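Colleague: I am new to this structure and would like the terms explained as we go. Please take me through the reasoning step by step.

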Amino acid sequence: MKILTLNTHSWMEAEPWKKLDQLAEQITKHQYEVFALQEVNQSMTEKAKIVDSYYHPEASNLPILADNFAALLADKLQKEGIKYYWCWLPVHIGYGRYHEGLALFSKEPITAEYLAVSQATDFADFRTRKLLLGKTKVEEKEILFVNVHYSWWSDNSEEGFIWEWQQTMGRLSDERLPIILLGDFNNPAEREGEGYQLVSQNFRDSFLEAEKTSGEHTVMKAIDGWSENAEALRIDLVFTSDEFQIKSYEVLFDGRTTPVVSDHFGLEVQLDFQ
């Protein structure tokens with residue numbers, strides 16, 4: 001199976017419509033079984049949009065609005081004859097004008113749920129964090145995909161990543177399905193980051209496990225949330241439980257063979273069941 005994750009930075013990018021088209025072109029070409037998107041925005045002032053039965057609303061308490069980035073992507077893919085089941089989870093207000101959230105797309109129907117993981121719970125507070133969990137089938141086998149956009153590390157165990165990871169493991173520790181966690185972890189693999197080490201205690205890093213790799217880092221400069229950064233970082237990650245063999249790991253949307261479409265690069269991971 002081939003999967004994709006990307007922090008889209010949607011509507012905050014220059015030429016966002018062009019970049020939406022470029023993302024759709026990549027998905028059309030490779031037809032990922034599952035892909036996960038973060039920072040999936042819709043303008044708070046837009047009118048409601050009519051969606052079809054491929055949209056799974058279980059994880060959302062807000063209507064899909066006209067410029068919802070995930071909905072527009074689904075429309076573009078359908079025009080190419082490619083239909084994905086998808087869900088969108090609003091997490092908090094972003095940049096003072098968007099409903100910002102997470103989206104998950106699958107070739108097969110999704111059973112969606114969300115997990116609130118942060119101490120903050122106010123939708124207006126950017127520190128509010130939730131995970132989008134989707135159960136779906138790939139190759140006739142059910143998998144739990146967990147789309148994440150965590151907070152940064154804090155030495156205070158009552159906030160930030162360490163708290164959010166504790167809530168995550170409270171949900172996942174007894175899960176019997178194979179698990180794939182993917183998204184923006186906001187905790188770099190470099191410098192033996194504490195957050196990265198916590199995740200590595202329970203799940204396998206696809207970059208380290210891959211038989212073949214192309215590229216490594218997903219952030220190369222200062223970006224939103226990393227305003228002081230001056231080095232290459234690997235903060236967008238794909239972790240798996242033990243049931244998978246990682247065939248390949250490739251950085252996408254980095255300007256090498258695919259255009260830059262966000263302030264993050266994306267990841268394509270190909271994997272098989274053991």
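Modeller: A definition comes before the helices: angles under 35 degrees count as roughly parallel, over 145 as roughly antiparallel, 65 to 115 as roughly perpendicular and the rest as oblique. Note also that this is a predicted model.

Colleague: Why are α1 and α2 called oblique to each other?

Modeller: Helix α1, residues 16–30, packs against helix α2, residues 69–79, at an angle of about 50 degrees, and their axes lie 10 Å apart. That angle falls in none of the ranges for parallel, antiparallel or perpendicular, and α1 and α2 are therefore oblique. The crossing of α1 past α2 is right-handed.

Colleague: Which residues make the contact of α1 with α2?

Modeller: From α1 come W17, L20, D21, L23, A24, I27 and T28, and from α2 come F69, L72, L73, K76 and L77. These residues divide into nine nonpolar, one polar and two charged.

Colleague: What makes β5 and β9 the edge strands?

Modeller: The open sheet has six strands in the order β5-β6-β7-β8-β11-β9, with mixed pairing. β5 (111–116) and β9 (204–205) each pair on one side only, and they are therefore the edge strands.

Colleague: How do you know that β8 and β11 pair?

Modeller: Pairing needs at least two bridges between the strands. β8 (residues 179–184) and β11 (residues 236–240) are joined by five bridges and run antiparallel. One of the partners is F239 in β11, bridged to L181.

Colleague: Which strands does helix α3 touch?

Modeller: Helix α3, residues 160–172, packs on the sheet and touches β5, β6 (130–138), β7 (141–149) and β8. The direction of α3 makes about 140 degrees with that of β5.

Colleague: Which strands does β12 pair with?

Modeller: β12 (residues 244–252) runs parallel to β10 (residues 212–214), and three bridges join them. S214 stands opposite E250 in β12. β12 also pairs with β13 (residues 266–273), in the antiparallel sense, over eight bridges. Y249 stands opposite V269 in β13, while the bridge partner of Q245 in β13 is D272.

Colleague: How many bridges join β1 to β13?

Modeller: Four bridges join β1 (residues 2–7) to β13, and these strands run antiparallel. T5 has L267 of β13 as its bridge partner.

Colleague: Why is β13 described as largely enclosed?

Modeller: A residue is buried at under 20% relative accessible area. Six of the eight residues of β13 are buried, so the strand is largely enclosed by the rest of the structure.

Notes. Residues numbered from 1 in each chain as written. Predicted model: local features only at pLDDT ≥ 70, side-chain atom pairs only at ≥ 80, totals over all residues. Heavy atoms only, no water. Axes fitted to C-alpha atoms, helices over the stretch in contact; angles between N-to-C directions. Helix = DSSP H or I, 4+ residues; strand = E, 2+ residues; numbered from the N terminus. Left-handed = near helix turned anticlockwise from the far one by under 90°. Contact = heavy atoms within 4.5 Å. Nonpolar A, V, L, I, M, F, W, Y, C, P; charged D, E, K, R; others polar. Buried < 20%, exposed > 50% of the residue type's maximum accessible area, 1.4 Å probe, protein only.
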